Every structure is written in structure tokens, then in C-alpha cells.
Amino acid sequence: MEGDDNLAHERNKAEFDVNEMKIVWAGSRQAFEVSNRMSRLVASDPVFDKSNRAVMTRKELFKNTLRKSAHAWKLINELCLSDEESTIFKYFMDQPGFLDLHWRMFVPAIKGQGTEEQKQKWLPLANKMQIIGCYAQTELGHGSNVQGLETTATFNPQTDQFILHSPTQTSSKWWPGGLGKVSTHAVVYARLITNGKDHGVHGFIVQLRNLDDHSPLPGITIGDIGVKFGNGAYNSMDNGFLMFDKFCIPRDQMLMRLSKVTREGKYVPSDVPRQLMYGTMVSVRQTIVSNASVAMARAVCIATRYSAVRRQFGSQNGGVETQVIDYKTQQNRLFPLLASAYAFRFVGEWLKWLYTDVTQRLEASDFATLPEAHACTAGLKSMTTSATSDGIEECRKLCGGHGYLWCSGLPELFAVYVPACTYEGDNVVLQLQVARFLMKTVAQLSSGNAPAGTTAYMGRAKHLLQCRSSIQKAEDWLNPAMVLEAFEARALRMAVSCANNLKKFENQEQGFSELLADLVEAGIAHCQLIVVSKFIAKLERDIKGKGVKNQLKNLCYIYALHLIHKHLGDFLSTNTITPEQASLANNQLRSLYSQLRPNAVALVDAFDYTDHYLGSVLGRYDGNVYPKLFEEALKDPLNDSVVPDGYHEYIRPFIKQDLRSARL
Ligand SMILES: CCCCCCCCCCCCCCCCCCCC(=O)SCCNC(=O)CCNC(=O)[C@H](O)C(C)(C)COP(=O)(O)OP(=O)(O)OC[C@H]1O[C@@H](n2cnc3c(N)ncnc32)[C@H](O)[C@@H]1OP(=O)(O)O
Ligand SMILES: Cc1cc2nc3c(=O)[nH]c(=O)nc-3n(C[C@H](O)[C@H](O)[C@H](O)COP(=O)(O)OP(=O)(O)OC[C@H]3O[C@@H](n4cnc5c(N)ncnc54)[C@H](O)[C@@H]3O)c2cc1C
């Protein structure tokens, strides 16, 4: 059977309304319409071609990214795209570049931390891209430890200026995207010093380059930090370094919405939590969770379509071979990833709601939910990006040898995606923030304060610490209350176990250091509970379309039960479930895989990705894999000539045994 016949046959088997599922995936009919229109707008424009990124030199790749960015900006203006449309348009451009940092970090940092006057001055320039900005926080010596940054901003009352200085090599800014070659400005984080006193890290708007000829301003040393992981991939981004040599900026360029420095040099501390200074990171972490679902879906779409096209073994007497998607091992690796894509989508929707809610509360000076918002954004960013990076690599392996080809789309996707485990907060460091939050919540349980939000379940500690799962048969694992209770009991017991172990240490910080590995596991268990509970909550909503809810139910329970299987040690060692109940979960999981199987291709079609966005020969909508693999191979520059360059110098001497003449 040809690839296109295979996929047509698969699509005919679907038991649900794919068009309605597309709307559930997008979040609303309007969101679907925008996403569909923007992705096709990008795909139809030859400037956004991505086919030769792997064979471009770094300079070509970078210049091509500038070209694409300029073209995108022109189209956004000509077509008067809304903010929502242009964000999605840039996303489907699928080319990491300075635009990401300008719009996702520089502009939000000014919006969140600038005074009204500062916003009035800087935002119109940034919104029209008359200035281009980046987010310069990380230094050569410190990234995770923000309080350890070394760059100084010393107030000089004589000139009413701050003097920015990099006192050591390790204080050089290192990593900011868009800094190396493009940005004219940056929000720079530096230690504020007034009257010889260090007030800790604060944000400043700093001009870096001359607006006439783009040269660095005197007192600024700047450049790109060099080639990063993978061909093409994130190398389109100019991650940069920056050093200040007593570089002066006016006092009104300190971002002063939170704390201030007066004309006399008096420091006026913030009367709101100083952590609001970290607000830009919280906002980006929230969007990274939604991005995780998109990246996971992309890899899964490629692996699912290819697994339906690919056949190996199983033929008798020359008949058709088995589609590899029919092997239970393939399903056991692939279907949980498909379920994870949907799970991350829905938890991303919820996190967006939570972030909007906390933002509104902060505007009304209600800071009560800030710790929860920080823990959720940090923990879910960590958990979903780790799972997605691993998932993309698993999808590559699911595609066998061809998955290793650049044109499968998976190597580049992995290389672009994997730094999400590090940027915007290292995943271990962020998960430890969740653990701290959990330890505080557990410590307060005896005080009578009922925990709220995502830790509300801890308020039922008495029950959850001693309950035994009442699962008796495999179908019981489709009972949402029973599944939730298992995840709640496991998460609470792991957190309480850490808290009890902490008590054994006289010094709590030392205890925390000793128990770091267990604390991370407790944080992950809590985050997995959030994802499962938000998926279950989604099922309780009104979901339209023939068979759509049924498919989502299957995906939800596949997500939950595969986690039980993967983290069985946690569930058994906390006595949350018995080995027999674990075995029933496995039986149910197998049954769910069989139910999902005929719908697998339609479930990835529901992502509505264009072939342009997928960028994969293996994941093509028409399944026409083999002829296109040949076409791609023939395009490789090595195939430009039949006899390769270097033959006469380095191959012929071997064959003719005249190695003395080889130019080694
Ligand atoms: C195939 C081709 C595909 C192409 C695809 C192209 C698509 C492109 C799309 C790409 C999308 C992505 C675009 C984004 C690009 C991202 C670029 C990355 C940018 C960066 O990385 S910026 C730098 C980020 N840096 C960090 O995240 C640093 C991490 N460290 C910290 O955040 C903090 O320092 C830490 C570790 C959380 C806290 O440390 P600690 O020492 O405890 O800190 P403090 O003393 O300051 O704080 C103590 C107290 O505050 C609480 N806290 C901490 N942070 C927050 C917060 N943000 N909000 C609220 N509260 C906070 C902390 O919990 C403590 O509370 P206590 O109650 O315990 O006192
Ligand atoms: C592609 C990319 C783009 C980036 N873009 C930007 C940008 O635009 N702007 C910007 O300012 N920065 C940017 N960064 C920097 C990024 O935010 C930092 O690299 C990140 O915050 C991690 O910090 P680090 O590099 O100091 O890691 P480190 O903290 O040095 O981590 C090294 C190891 O130590 C472990 N570790 C560290 N602290 C602890 C702890 N307390 N407990 C247990 N383990 C610990 C970590 O888990 C990790 O395994 C970017 C980075 C990358 C890779």
C-alpha cells in the first residue's frame, strides 16, 4: 500500500468529528480560525521557506532570519494583524530570532516594571520597533542565582546618572537572545548601589548601540557567544555577551514601578513584594507550558503518521507487512506522548487563566496568590519541558533510522526545544521552588489554615495519608475520583515524607540540601497531579462533536495510567496502591491503547499543522514518504557532483596505494 493510501485508510477509521476536535485543541472556534489562517499565510509565502536551514552557514542562517523577521514585520503592518494574529503568525514562522525576546521579554519587562512615564516614553518606540530590545539578566558566572549577579549600577548624585559596570569577567552578561548582533536596547539587571549601599538586583533600560550606524556605544563591549547545539536550530539566534566599562545612563532609566531612587540618591524600597521584579519570568514560564504542548504535538504528529505508513515484518507469502503502529511496544511509547500533548494543552489553558487572575489581583494590591502562581508556573514549566524534550527524542527513535535524518524534522526540533529545560530557569532549580512551597504548606497544615488552590487537597491530609485505593477491577481505573485520589495521596505522602525527614535536621537549610533529590520528586508528583486534575476537569465541561469527549476521556486516562506505570515505585512505596491494583492499571492501559489505535492519525490531524510548520518528510499529511526522502537526498550539496571534491587528493591515493602523494 502507498503512503497516501495508508493515511486515507487511517482517516476513514476515525470514530470522532476531527473538525470539532480541532476547535477543542485550539481552545475556541475563533482561536482555531486565527491559527488556521496564520499558519497558511506563513506556509504560502516563499520567504518563510525552511528547507535548507541545515546546510546554511551560521552567517547565512542569521541573515536569512533577519530577512524573515523584516518581511514578517512588513506583513504584520500591511495586513494590520491584531496582537493575537501577529503572535501566532510569528510562532508559525518557526524561526528563533530576536523578535522572540523583543516581544516576549523586553516589552513585557517595561510594561510590568516601568512607571507610567517610562511606559509612555519607551513602549511606543518598542511597539513600532524603532528600538529593538532584549532581556539581559544572566551572566557568565550566575544564571540560576539571580541574587548573585555581579553587574553594578552605582548612582552618581553629581550627574543624576547610574554608572553601569562589569567588575569581573564573570559579571559579563552572557546568553541573552537578540543581544549579540541585533538589539539596540536591553533591560539589564544589575545590583543597585546608592551611597555605598547595595540594594540588590534591579532592572534598568540601557541603550547599547548607536541608532544611526548600529555601532556599540562607548563603554560597551558586545558580541555573539558562538555556535550552539545542532545544525540550524537555535543558531539563528544571536545569544550575546555584554560588558560595561563605567557606562552612564540617566536616573530615569531605572525601572521604578516597584522601588525608586530619588534625585538626592535616596533609595525608596518597594511596598509590594520585591519578587514582582521577577514578573517577566513568570509570564514567559506560563507561555512556555503552552509551547510545550505545541512542540510535543508536532513530534507526535510526525511519529504517528510515519508509524502508520511504515511497515515491517509480519507478511506471510509476500502479503502486506504490519504497520509499525500496530506493534504494542510502539503504542506503549507513542500513545502516552499523544496523550501528554493534549494534557499539556489543557493545563496550559488553565495556567493562562491562573496567570491572568493573579495579574488582576496584583493590580488590586492582592498578593495572596503570588506564591501559588510562582510555584505553578515554575513547576509546570519544569515538568512539561522535561517531558517534551524526552518525548521529542522518543519520537525520533519511534521513526527508526529515518528519524535521524534532518529532513524528518525531529533532530532540529529537539535541538531547538531542549534548551527550554534550561532557559527561563533550570528545571531542577525551578522544581525545588515547588518543593519549598510544598514544605511551607505542609508545615502550616497543623495551624488550621486550609490550603487553597492547587494545594487544597492537602487540607484532606488526614484522609489522604491513611486511605487505601478501592480499585478492584481494571475499569475502576476509569473512575475520575479514584484516579484523582491515587495521585493526591501519592503527592501528599511524598511531600509529608520529605517534611518529616527535614525535621530530623537541626538546620533546615542543611536538611533541604541533603534531601534535594527527594524534594524534586515530590515537586514533580505535585505537578503531575495538577496536570491530571485539570485534564479531568476539562472532561466535565460541555464538549461538542460526535465522539470527541470519548476520545478525550481515553487520552486523559492514558495520560494518568502511564504515569502510574512510569512512577510505580512512588505509588507502591507510599502504599497508595497495591501491586495488584498496579497490574489492573496496566490491563486498562492496554485496553485504552486498542481503543485509541483507530483514531490515532485523526487525533494528530486535529492539531491542524501545515506541512510547512511540521517541516518533516516523515510527517507529511499525504504520507508520501519514500519518494520525498529520495527527493530530499538528491538535493543535498554532496550530490551536486557524482565524484566528490577531494577524490583526487584523498581517495584515489588509497585505491592506487600511493599514499605518499596524498595531501594530508
Ligand atoms: C524546528 C525549529 C523550531 C523553531 C521554533 C521557534 C519557536 C520559538 C518559540 C520559542 C518560545 C520561547 C521564547 C522564549 C525564549 C526564552 C528565552 C529565555 C530567557 C531567559 O532565560 S531569561 C533568564 C531566566 N532566568 C531565570 O529563570 C533564573 C532562575 N532563577 C530564579 O528565578 C530565582 O532566582 C529563583 C531560583 C526562583 C529564586 O531563588 P532564591 O535565591 O530563592 O531567590 P530570592 O531570594 O530572590 O527569592 C526568595 C523568595 O521569592 C520567591 N520567588 C522566587 N521567584 C519568584 C517569582 N518569580 N515570583 C514570586 N515569588 C518568587 C521564592 O520562592 C522565595 O520565596 P520564600 O517564600 O521561600 O521566601
Ligand atoms: C538557549 C538559551 C537562551 C537563553 N536566553 C537568555 C536570555 O534571553 N536572557 C537571559 O538573561 N538569560 C538567557 N539564558 C540563560 C538562562 O536563563 C540560564 O542559563 C538559566 O537560567 C540557567 O542558569 P545557569 O546557566 O546559571 O545554570 P546553573 O545554575 O549553572 O546550572 C548548572 C547545574 O547546576 C544545577 N544547580 C544550580 N543551582 C542549583 C541548586 N540550587 N540546587 C540544585 N542544583 C542546582 C542545575 O540543575 C544544573 O544542573 C538563556 C539560556 C539558553 C540556554
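**Two ligands and two domains**

Let me start with ligand 1. A polar side-chain atom of R285 lies 2.9 Å from an oxygen atom of ligand 1. Keep in mind that this is a predicted model.

R285 has company. Q275 also places a polar side-chain atom 2.9 Å from an oxygen atom of ligand 1. Then there is Q137. An N or O atom in the Q137 side chain is 3.3 Å from a nitrogen atom of ligand 1.

How much of ligand 1 does the protein cover? On its own, ligand 1 has 1500 Å² of accessible area, and the protein covers 82% of that.

Which residues come nearest to ligand 1? They are D94, S144, Y278, Q433 and K440. In total, 32 residues are around this ligand.

On to ligand 2. Here the surrounding residues number 20. The closest are Y135, T138, G143, S144 and D426. You have heard one of those names already: S144 is also among the residues that come nearest to ligand 1.

Now the polar atoms around ligand 2. S144 brings a polar side-chain atom to 2.5 Å from a ligand 2 oxygen. For D426, an N or O atom in the side chain is 2.6 Å from an oxygen atom of ligand 2. Q137 takes part through its backbone: an N or O atom there lies 3.0 Å from an oxygen atom of ligand 2. Remember that the side chain of Q137 turned up beside ligand 1.

And the cover? Ligand 2 alone has 970 Å² of accessible area. The protein covers 65% of it.

Next, the domains. The protein is divided into two of them. Domain 1 is 133–272, and domain 2 is 276–616. Their C-alpha centres lie 36 Å apart. In the contact, domain 1 supplies 16 residues and domain 2 supplies 15 residues.

What kind of atoms make up the buried area between domain 1 and domain 2? Carbon and sulfur atoms account for 72% of it. The area itself is about 1200 Å².

Look at the side of domain 1 that touches domain 2. Nine residues there are nonpolar, seven are polar, and no residue is charged.

How many salt bridges join domain 1 and domain 2? The count is zero. Polar contacts do occur, with two residue pairs between the domains.

That is the tour: ligand 1, ligand 2, then the domains.

Definitions and conventions
Residues numbered from 1 in each chain as written. Chains lettered and ligands numbered in written order. Predicted model: local features only at pLDDT ≥ 70, side-chain atom pairs only at ≥ 80, totals over all residues. Heavy atoms only, no water. Domains from an automatic or database assignment. Contact = heavy atoms within 4.5 Å. Buried area = accessible area lost by both parts, 1.4 Å probe. Salt bridge = Lys/Arg side-chain N within 4 Å of Asp/Glu carboxyl O. Polar contact = N/O pair within 3.5 Å; in protein donor to acceptor, adjacent residues only side chain to side chain. Nonpolar A, V, L, I, M, F, W, Y, C, P; charged D, E, K, R; others polar. Near = heavy atom within 4 Å. Areas by Shrake-Rupley, 256 points an atom, 1.4 Å probe, with all protein chains shown as cover.
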